[in-house]
Amino acid sequence: MRPSSALTAALTATAAVALTATGATAAPAGTSAPRRGICQEQSLSVSASSGGQRNVARIAVTNRGGSTCVVDRIPTVTFRGLDGSAEAVPPATSGPYVLSPGEHGYAAVRTAAPGATEGHVVRTLSVAADPSHHGVTFGAATVGMGRGIQVWEPVTTLWHTSRAAADRALEHATR
């Protein structure tokens, strides 16, 4: 049974109002929704600082470009001389994290559990907002680990909209 033309018009108008209210856009029938491109590395600013606790660092990414773009929702955090990267907590798969112009994303990284005696000590960690990027390297002193970064089963949160949210996510996931 086909809906009447009046019903079709009413449904179309209702959908348009709903999309406008949420800021979303509709794609023409038969096409997919618009896709945002990956943020160009040169349009991002990546920073790192002390997390306020031994073996914890805070990282941030800022979209300095003029258009909305995406990075992977899991920051890529690696450690000089060691294979692999920090694991996401909670466990997650890759996906988009949208950054509007001027918007920030925050994550927290734990390099080793408090009191851990295992692992390696390295002098730098590198952060890439997206796995397709080269990333930025930070020395141990920059992240508050002046004697070296102890690395044993490192973990990172996903990107969050605030430092506090990233800190809470790390605390919750590593209890």
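**Pocket, sheets and loops**

Student: Which strand and which helix each supply at least two residues of the lining of the largest pocket?
Tutor: This is a predicted model. Two elements each give at least two residues to the lining of the largest pocket. They are strand S2 (56–63) and helix H2 (163–173).

Student: Which element gives the largest share of that lining?
Tutor: Read the lining of the largest pocket first: Gly51, Gln53, Val56, Arg58, Arg110, Pro114, Asp167, Leu170, Glu171 and Thr174. The largest share is three residues. That share comes from H2.

Student: How many residues of the lining of the largest pocket are charged?
Tutor: Arg58, Arg110, Asp167 and Glu171 are among the lining residues. The lining also divides into three nonpolar and three polar residues. The charged residues number four.

Student: How much space lies in the largest pocket?
Tutor: Rolling a probe the size of a water molecule over the atoms shows where empty space is left. For the largest pocket, the space comes to about 170 Å³.

Student: Is S2 largely enclosed or largely open?
Tutor: A residue is buried when its relative accessible area is under 20%. Seven of the eight residues of S2 are buried. The strand is therefore largely enclosed.

Student: How many bridges join S1 to S2?
Tutor: Strand S1 covers residues 44–50 and runs antiparallel to S2. Leu44 has Asn63 as its bridge partner in S2. Val46 has Val61 as its bridge partner there. The bridges between S1 and S2 number seven.

Student: In the hairpin of S1 and S2, which residue takes a positive phi near 85°?
Tutor: The hairpin has five residues between the strands. The one with a positive phi near 85° is Gly52.

Student: Asn55 also has a positive phi; is Asn55 buried or exposed?
Tutor: Asn55 is found in the loop between S1 and S2. Phi of this residue, which is not a glycine, is near 70°. Its relative accessibility is 3%, so Asn55 counts as buried.

Student: Which residue in S7 stands opposite Arg58?
Tutor: S2 pairs with strand S7 (residues 104–110) in the antiparallel sense, over seven bridges. Arg58 is also one of the residues lining the largest pocket. Opposite Arg58 in S7 stands Ala108.

Student: Which are the edge strands of the sheet of five strands?
Tutor: This open sheet has the order S1-S2-S7-S12-S5, with mixed pairing. An edge strand pairs on one side only. Here the edge strands are S1 and S5 (87–88).

Student: What angle does the direction of H2 make with that of S7?
Tutor: H2 packs on this sheet of five strands. The helix touches S2, S7 and strand S12 (155–156). Its direction makes an angle with that of S7 of about 30°.

Student: What is the average twist from one strand to the next in the sheet of three strands?
Tutor: That open sheet has the order S4-S9-S10, with antiparallel pairing. Its edge strands are S4 (76–79) and S10 (136–139). From one strand to the next, the twist averages 25°.

Student: Which residue in S9 stands opposite Thr76?
Tutor: S4 pairs with strand S9 (residues 124–128). The pairing is antiparallel, over four bridges. Opposite Thr76 in S9 stands Ala128.

Student: What is omega of the cis peptide bond that joins Val89 and Pro90?
Tutor: Pro90 has its place in the loop between S5 and strand S6 (96–99). A cis peptide bond joins Val89 to Pro90. Its omega is about -5°.

Student: Is Glu153 buried or exposed?
Tutor: Glu153 sits in the loop between strand S11 (149–151) and S12. Phi of Glu153 is near 50°, a positive value in a residue other than glycine. Exposed means over 50% relative accessible area. Glu153 has 56%, so it is exposed.

How values were computed
Residues are numbered from 1 along each chain as its sequence is written. This is a predicted model: local features need pLDDT of at least 70, side-chain atom pairs count only at pLDDT 80 or more; totals for chains, interfaces and linings use all residues. Side-chain values use heavy atoms; hydrogens and water are left out. On a 1 Å grid over the protein atoms alone, a cavity is a set of points where a 1.4 Å probe fits but cannot get out, and a pocket is an open set with protein on both sides within 12 Å along at least five of seven lines; lining residues have an atom within 4 Å of a point. Grid points are joined across faces, edges and corners, and a volume is the space filled by probe spheres set on the points. Ala, Val, Leu, Ile, Met, Phe, Trp, Tyr, Cys and Pro count as nonpolar, Asp, Glu, Lys and Arg as charged, and the others, Gly among them, as polar. Two strands pair if DSSP finds at least two bridges between them. Buried means under 20% relative accessible area, exposed over 50%, partly exposed in between (1.4 Å probe, protein chains only). Contact means heavy atoms within 4.5 Å. Axes are lines fitted to C-alpha atoms, for helices over the stretch in contact, and angles run from 0 to 180 degrees between N-to-C directions.
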